[in-house]
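Work through the exercises below with the sequence and the model open. Each task is followed by a solution in steps.

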Amino acid sequence: MTSTERGPRVVSPVPAQPGEQQPSGYHLPKVPETAWSMAGGARRTWVGRAVLLCVLALQAALSLRLENTAFQDEALYLTAGHAELRHLLHGTPLPMDYAAYFSGSPQLYPVPAAVVDGWFGLPGARTLSLLLMLGTTGLLHSFTRRLFNERAALAAAALFAVLQSTVVMGYFATYDAPALFLLALATWIVVRTDRAPAHAVLLAAPVAALAVGVKYAAGLYLPTLLGLALLTAHPHRGRKALVRPLLLLLGTGVLLAAGAYGSDVLAGVRHTTTARAHGTDGAGYLLRRSAEWGGLLFLTAVGGAIAYARRGRMHESPLALRLGGPSRRRRAMLGLLLCVTALLAPAYQMHLGTVVSLFKHIGFGLLFAAPMAGVGLTRLMGAHVRHPHLGIALWTATLCLGISQADWRFGNWPDSSLMIRTISADVNGTGHYLCSTPEVPAYYLRDRTTRRQWQSVFGMEYTDRNHTRHTGDDAYRAALRDGEFDLIVLDGSTNPRVDAVVTDAVRGNPHYRLLAHVPFRGGDHSAAYRPSRTAPSGEGRGHYRIWVKR
């Protein structure tokens, strides 16, 4: 029988003391104002950790399912890492000045990646990237929870984990995963020290400087770190918060200046970042690609920023109405800062007029937009998750796009395994070889050849037997006329114009004979960075043409 069925409980009146008012005959015990608590508990903490673990497991599974042989950038960085490692340990001269044209310091990422590659091969180097990307998602969850709450943090991590850029960079042995991890770590430090003394923000300075050293393009996001240093501390310290971004700027600037002075990376910064050659891709084309690869999360972040600016309360308990919080202006500025950061990479690539690396750079900006996207997803589902189907639909759409785009991208360079087996018996340490993507055989056959022995199809200089100097296409024709190359490998897609020049030069050439037509699975070798405007949805097919010297 319930208390309602038994009727109200009668409490015996207590005799009143002199001067006191006689109490009524009924006494109602005090009840809590709300039926749920704002305070966290062990159960809520463990549920949140379990959900985050599921998100990370899904991210790892999506990355590990990708499969292909080394992309030319992976092969280049790992080969350079092995060369730098030999130079550091044994004083072996470098085959080329990597610092002059790399988009990051050739010592910071390639060397440790080469160590892992030496022990575990390409899968090991790619797994290193996976661990770093998983750490990035974990840090995103942590600083989003600090900025907002646990629900927004889980939503942000779930959206970020299934993006194309996250999935691909999680199994791609390039600079991007370590640079993004370091940016996330610097952001976490800035947000985590919002209530600490101002000098605590200097802990983020070496991490941010290291991120820029690993990949120079990470410097594009340093202003966002400075903005976060101000906005996160302002509610707690008022005008004194202005000291934090100044300290962070000074500390990071000093470290970057010291690094530039103590190394020869400035040429690489100019060549790959500040003075990079402009391409011919139009702004409309780059906007469409940006929308395909990150538009859904960005729109969710914009919606979250608007909703957060209108109503800052993140907890559904009525008790939260009594709590103070950031002002509307501060909330609007935070949302604007995080959303605008997602536009930096597309804007910079439009300035350069190139789609090369855009899909990766978009991921850097979306790391900062993801917290607002987490807010947007939770507001879409409503208080007490009234509309879960809306959140599930949004996340499922993001997941499907991420899977299809990642599969397409990882399958759009040739599978070189059969080609490597075919030419392995025809190379040695003394020959001279021409290849569409010389980085790939130089990596797989590094125990037999050096990078100096391989010539690419992107520019050449040659002095013939009459001591006449040739450049460009004439250099290829003259070299083939003299039988300069001992092996030629063309894939037909990396640089079709030069491929046609070489093919014409070997047709009827007495120095060469066709060794094999080797089929490969995959499409345009450069499509991972530069997709065709009319790229097919499925995997392509092609073949290597291989000539050897008679």
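## Exercise 1: Ser 456

Ser 456 is buried, with a relative accessible area of 16%. The model is a predicted one.

Task: find where Ser 456 sits and state which residues it touches.

Solution.
- Step 1. Ser 456 belongs to the loop between β2 (454-455) and β3 (461-463).
- Step 2. Buried means a relative accessible area under 20%. The value for Ser 456 is 16%, so this residue counts as buried.
- Step 3. Leaving out residues up to four places away in sequence, Ser 456 touches Leu 434, Cys 435, Pro 438 and Tyr 476.
- Step 4. One of these, Pro 438, is 18 residues from Ser 456 along the chain, and the two C-alpha atoms are separated by 5.8 Å.
- Step 5. The side chain of Ser 456 also reaches the backbone nitrogen of Phe 458, at 3.2 Å.

## Exercise 2: the five-stranded sheet

Task: give the strand order of the open sheet of five strands, and say which strands stand at its edges.

Solution.
- Step 1. The order is β2-β1-β5-β7-β6, and the pairing is mixed.
- Step 2. β2 and β6 (512-521) each have a single partner strand, so they stand at the edges, and one side of each has no neighbour in the sheet.
- Step 3. Strands of a sheet pair through backbone hydrogen bonds, in either a parallel or an antiparallel sense.
- Step 4. Both senses can be followed from β5. With β1, the pairing is parallel and has three bridges; with β7 (residues 541-549), β5 (residues 487-490) runs antiparallel, joined by four bridges.
- Step 5. Individual partners can then be picked out. Tyr 433 has Leu 487 in β5 as its bridge partner. Val 489 stands opposite Ile 546 in β7, and Leu 490 is bridged to Arg 545 of that strand.

## Exercise 3: the two faces of β5

Task: sort Leu 487, Ile 488, Val 489 and Leu 490 by the way they point from β5.

Solution.
- Step 1. In a regular strand the side chains alternate between the two faces of the sheet.
- Step 2. Leu 487 and Val 489 point one way, while Ile 488 and Leu 490 point the other way.
- Step 3. All of these residues are buried.

## Exercise 4: helix α20 against the sheet

Task: describe how α20 lies on the strands and what covers its buried residues.

Solution.
- Step 1. Helix α20 (residues 496-506) lies across β1 (433-435), β5, β6 and β7, at about 140° to β5.
- Step 2. Its buried residues are Val 498, Asp 499, Val 501, Val 502, Thr 503 and Val 506.
- Step 3. The cover over the buried residues of α20 includes β1, α19 (472-481), β5, β6 and β7.
- Step 4. Just after α20 comes Gly 508, with a positive phi of about 75°.

## Exercise 5: helix α16

Task: compare the length of α16 with the expected span, then list what covers its buried residues.

Solution.
- Step 1. Helix α16 (residues 388-410) has 23 residues and reaches 33 Å from first C-alpha to last, close to the 33 Å expected at 1.5 Å a residue.
- Step 2. Among its buried residues are Gly 391, Leu 394, Thr 398, Gly 402, Gln 405 and Trp 408.
- Step 3. Those covering the buried residues of α16 include α2 (42-64), α4 (110-147), α5 (150-161), α6 (164-169), α12 (283-310) and α15 (358-381).

## Exercise 6: Thr 341

Task: state whether Thr 341 is buried or exposed, and name its polar partners.

Solution.
- Step 1. Thr 341 is in helix α13 (residues 328-341).
- Step 2. Its relative accessible area is 2%, so Thr 341 is buried.
- Step 3. The side chain of Thr 341 makes a polar contact with that of Thr 224 at 2.8 Å. A polar atom of the Thr 341 side chain also lies 2.7 Å from the backbone oxygen of Leu 337.
- Step 4. Apart from neighbours within four places in sequence, Thr 341 is in contact with Tyr 221, Thr 224, Gly 365 and Phe 368.

## Exercise 7: a recorded span

Task: check the helix content of residues 362-382.

Solution.
- Step 1. In UniProt, an unreviewed entry lists 362-382 among the spans for "transmembrane region".
- Step 2. In the model, this span is 95% helix and 0% strand, and its end C-alpha atoms lie 29 Å apart.

Note on methods
Residues are numbered from 1 along each chain as its sequence is written. This is a predicted model: local features need pLDDT of at least 70, side-chain atom pairs count only at pLDDT 80 or more; totals for chains, interfaces and linings use all residues. Side-chain values use heavy atoms; hydrogens and water are left out. UniProt positions are given in the numbering used here, feature names are shortened, and annotations may be inferred rather than shown by experiment. Helices (H or I, at least four residues) and strands (E, at least two) are DSSP runs, numbered from the N terminus. Buried means under 20% relative accessible area, exposed over 50%, partly exposed in between (1.4 Å probe, protein chains only). A polar contact is a pair of N or O atoms within 3.5 Å; within protein, one must be able to donate a hydrogen and the other to accept it, and residues adjacent in sequence count only if both atoms are side-chain atoms. Contact means heavy atoms within 4.5 Å. Two strands pair if DSSP finds at least two bridges between them. Axes are lines fitted to C-alpha atoms, for helices over the stretch in contact, and angles run from 0 to 180 degrees between N-to-C directions. The expected span of a helix is 1.5 Å times one less than its number of residues.
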